[in-house]
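Got the viewer open? Let's walk through this model one chain at a time.

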Amino acid sequence: MRPIGFSTGAVAYSDFQRALELLAVERVNCIELSALRLHEVGPLLNAIGTLDLHRYKYVSFHAPSRFSGEEEPPLVEQLKRVPREWPIVLHPDVIHSSAIWRQFGPQLAIENMDRRKSWGRTLEELTKTFDELPDATMCFDIGHARQCDTSMTEAYRILKSFQHRLKQIHVSEVNTASRHDPVSYAAKIAFQEVAYLIPSNVPVIIESRVNQAEIGREICRVTEALPDHSWLPLLANA
Amino acid sequence: MKQLDIGLTLVADSPIDKLSTRVGAKWENLRAARERAVEKRRVLQADLSEFENADSSIIVYGSLGRDEFTLGSDLDWTLLVDGIADPAHLEVALAIKDKLEELGHKAPGREGVFGSLAFSHELIHQIGGQDDTNANTTRRILLLLESTVIGKRDAHKRVLSSVLHRYLKEDRGLWHGSTQFRVPRFLLNDIARYWRTMAVDFAAKQRARGNEGFAMRNIKLRMSRKLIFISGLLACFSCHLDVDESEKQKIFPAIAVQPLVEHLYRRLKLTPLESLADTLLRFEGLDTWSAQLFKAYDDFLGILADESILRNGKTQRVHLERLSVDELDADPIFQRTREISHRFRDAVNEIFLRSSTELSRLTIEYGVF
């Protein structure tokens, strides 16, 4: 079974402590600590040493999704406090200066974006970003990719080209308003079509906004949506 | 949005140029038409930029989509919507129509297939069955075979990929069939159906319009409409001809639809003439016929593009558009177009039916029965 877990922002909006409490009783072994808003970064970094994360074999940190050019250098300074073994997920459309992000090397995981965004949605756009950040890894958001192209052809192209960069997967159903909903039947059958391109050891982070009662059911849905195809190594390397 | 591929420059290594170099020919009318199309799209992109939207694409078809644009060409367009339903979409389409009229562009044909809105749901969901109207089939097949985008491509790309996904995923024979060829029959049958529909509609228009415009429609059916069908056949054949064996071994056992969608999407970005040239480049033994085919098409475009005025005060194009059926037999211009179409037909028949190549084998296997 794939390593699987949640983004803290998905189970408790803007409240990582509460999210960790809710997830403590669930069958998850991965976690993404979310600081999507700039003001959330400091408190989360300050709390890292106090958080009980021993049950998670994979932890990542989601950087803010909006900041100005002036705010970028101090943010980068702050993010240096993220443990080196934790990937830092970053949206490519918010980057003002690639140069100052380059220092993170493979710790920086660039995420493909949804339709609302002006950049980072397609293979061509991501290729340009990776040209600027050649050592960066990738957080593949399969929900974003489906929202951009329901035939999953863009997802296929991105996965085929950047499979070697894959650090983690974001999963949810991204609706027309670009909100992260639970995975529907339609999304599930779409995700299944490209699941074979996702190596079975890549952590899956669920971003579906769910309440406590829905956490277990969402894990089951995501597990069905991304079946483990490790028995298809030839194809996975296509 | 940063546009990465807007198709507003001439392709430097066009398959048509490569073929012309190989056969030692110059097809100046093809080149001129391509340059005019690129320039026209560039102008339109500037003129229509205020209508750009990630949920819709302004699609152009016909000679402008095929890079066969002449000064007398009309402008077939639709506003393709792939997003949340919005009453304002119609207002946008009407504003585009007004803008194009204001800029002096020739309006689309009178059937009402173009010049307004088209919706992704109809194109994707209504393939075959009673709801697949003549207009819907036309929009869908021409979206595949001769469309190009003015401005943002997002909606166009999404819809095209989804339509292809349906044709491929639902083609059970493609994935489970025992034939040695890997040709998507569902798609091919729809393209063949459209070709026959065009031929039947030719007769219907002849009746409905009392033979008005017969000469021009006749030559277009023999040349450009047939070319569209050929390019559709070639796109389908390319799944067999252009995908190498090792890729097929990965794709077909796993029913991996997306690699084939991607392949066809790339293939369909070629214009029909580029697609034909790209295929013929693989068959050097057919160069004599390839040269004849392209020369005939070049001559055809030469007549349509000729701006010189005849003694009757018309261009050759206008002369053909207004020629009555009673005058056809004695009319030297129409007779010349017939002669051109016969050269085109003979080359097509040699290449696709009598050449004893894989191309003719595929045509007989899939194009007839």
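**Chain B, then chain A**

Start by selecting chain B and look at how far apart its touching residues are in sequence: among contacts (C-beta atoms, placed from the backbone, within 7 Å) between residues at least 6 apart, 74% join residues at least 24 apart. Before you go on, keep in mind that this is a predicted model, where local features need pLDDT of at least 70, side-chain atom pairs count only at pLDDT 80 or more, and totals for chains, interfaces and linings use all residues. Residues are numbered from 1 along each chain as its sequence is written, while chains are lettered from A and ligands numbered from 1 in the order in which they are written.

Now switch chain B to cartoon: you'll find 17 helices and 4 strands (DSSP runs numbered from the N terminus, H or I of at least four residues for helices, E of at least two for strands). Chain B has a radius of gyration of 20 Å, close to the 21 Å the globule rule gives for 369 residues, so it is as compact as a globular protein of that length. That radius is taken over C-alpha atoms, and the rule is 2.2 Å times the number of residues to the power 0.38. Turn the C-alpha trace along its principal axes and it spans about 65 × 55 × 40 Å. As for burial, 44% of the 369 residues count as buried (20 or more other C-beta atoms, placed from the backbone, within 10 Å of a residue's own).

Next, select chain A. The cartoon shows 11 helices and 10 strands. Its C-alpha atoms fill a box of roughly 40 × 40 × 35 Å along the principal axes. Buried residues make up 48% of the 238 in chain A.

Definitions and conventions: A residue is buried if 20 or more other C-beta atoms lie within 10 Å of its own, exposed if 12 or fewer, and partly exposed in between; C-beta atoms are placed from the backbone. Two residues are in contact if their C-beta atoms, placed from the backbone, lie within 7 Å.
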